[in-house]
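The following paragraphs guide a reader through a structure not met before. Please keep the sequence and the three-dimensional view at hand while reading.

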Amino acid sequence: MTFEHFLTTLSKPANRALQHHGIDSFEKLAALTEKEVLNFHGVGPASLPLLTHGLAQANLSIKK
């Protein structure tokens, strides 16, 4: 799955939040902690399973 396709699986607010913060690859997303991602306006707890799944598809995980 490409990162662009992954973004379409997220809610529009979460999608815009990641784009606003320059997150344009799985590697950049994996460099963030859950807390950092949840601090983005538009990303809520419901987005975390989708983010985790997307990263797992790319053999990555969110930073602890």
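A good place to begin is helix α5, which covers residues 48-57 and in which L48, L51, G54 and L55 are buried. Viewed down the axis of α5, these buried residues fall within an arc of 130 degrees, so they line one face of the helix. The general reason lies in helix geometry: an α-helix has 3.6 residues a turn, so residues three or four places apart point the same way. The cover over the buried residues of α5 includes α1 (3-9), α2 (12-20), α3 (26-30) and α4 (34-38). After α5 comes N59, which has a positive phi, near 60 degrees.

It should be said at this point that the model is predicted. With the surroundings of α5 introduced, the chain as a whole can be described. The protein chain contains five helices and zero strands, and its elements, read from the N terminus, follow the order α-α-α-α-α. For 64 residues, a compact globule would have a radius of gyration near 11 Å, and the 10 Å of the protein chain agrees with this. Along the principal axes, the C-alpha trace spans about 25 × 25 × 20 Å. Of the 64 residues, 38% count as buried. When contacts between residues at least 6 apart in sequence are considered, 56% of them join residues at least 24 apart.

The next element to examine is α2, one of the helices that cover the buried residues of α5. Which residues of α2 are buried? They are A14, N15, A17 and L18. Seen down the axis of α2, they fall within an arc of 160 degrees, so they too line one face of their helix. On the other side of α2, K12, R16 and H20 are exposed. The buried residues of α2 pack against α1, α3 and α5. Beyond the end of α2 stands G22, whose phi is positive, near 75 degrees.

Two of the buried residues of α2 deserve a closer look. L18, which lies in helix α2, has a relative accessibility of 0% and therefore counts as buried. Setting aside neighbours within four places in sequence, L18 is in contact with L7, L10, I23, L29, F40 and L51. Of these partners, L51 is itself among the buried residues of α5. L18 can also be related to V37: the two are 19 residues apart in sequence, and their C-alpha atoms are 8.3 Å apart in space.

N15 also has its place in helix α2. Is N15 buried or exposed? Its relative accessible area is 15%, and because the limit for a buried residue is under 20%, N15 is buried. Beyond its neighbours within four places in sequence, N15 is in contact with L7, T8 and L10. L7 and L10 also appear among the contacts of L18.

The outer surface completes the picture. The accessible surface of the protein chain comes to about 4100 Å², and carbon and sulfur atoms account for 57% of this area. The chain carries 6 positive and 5 negative charges, and the mean positions of the two groups are 7 Å apart.

Definitions and conventions: Residues are numbered from 1 along each chain as its sequence is written. This is a predicted model: local features need pLDDT of at least 70, side-chain atom pairs count only at pLDDT 80 or more; totals for chains, interfaces and linings use all residues. Side-chain values use heavy atoms; hydrogens and water are left out. Helices (H or I, at least four residues) and strands (E, at least two) are DSSP runs, numbered from the N terminus. The radius of gyration is taken over C-alpha atoms; the globule rule is 2.2 Å times the number of residues to the power 0.38. Buried means under 20% relative accessible area, exposed over 50%, partly exposed in between (1.4 Å probe, protein chains only). Contact means heavy atoms within 4.5 Å. Accessible areas come from the Shrake-Rupley method with a 1.4 Å probe; for residues, only the protein chains shown count as cover. Lys and Arg count as positive and Asp and Glu as negative; His and the chain ends are not counted. The place of a charge is taken as NZ of Lys, CZ of Arg, CG of Asp or CD of Glu. The arc is that of the directions from the helix axis to the C-beta atoms.
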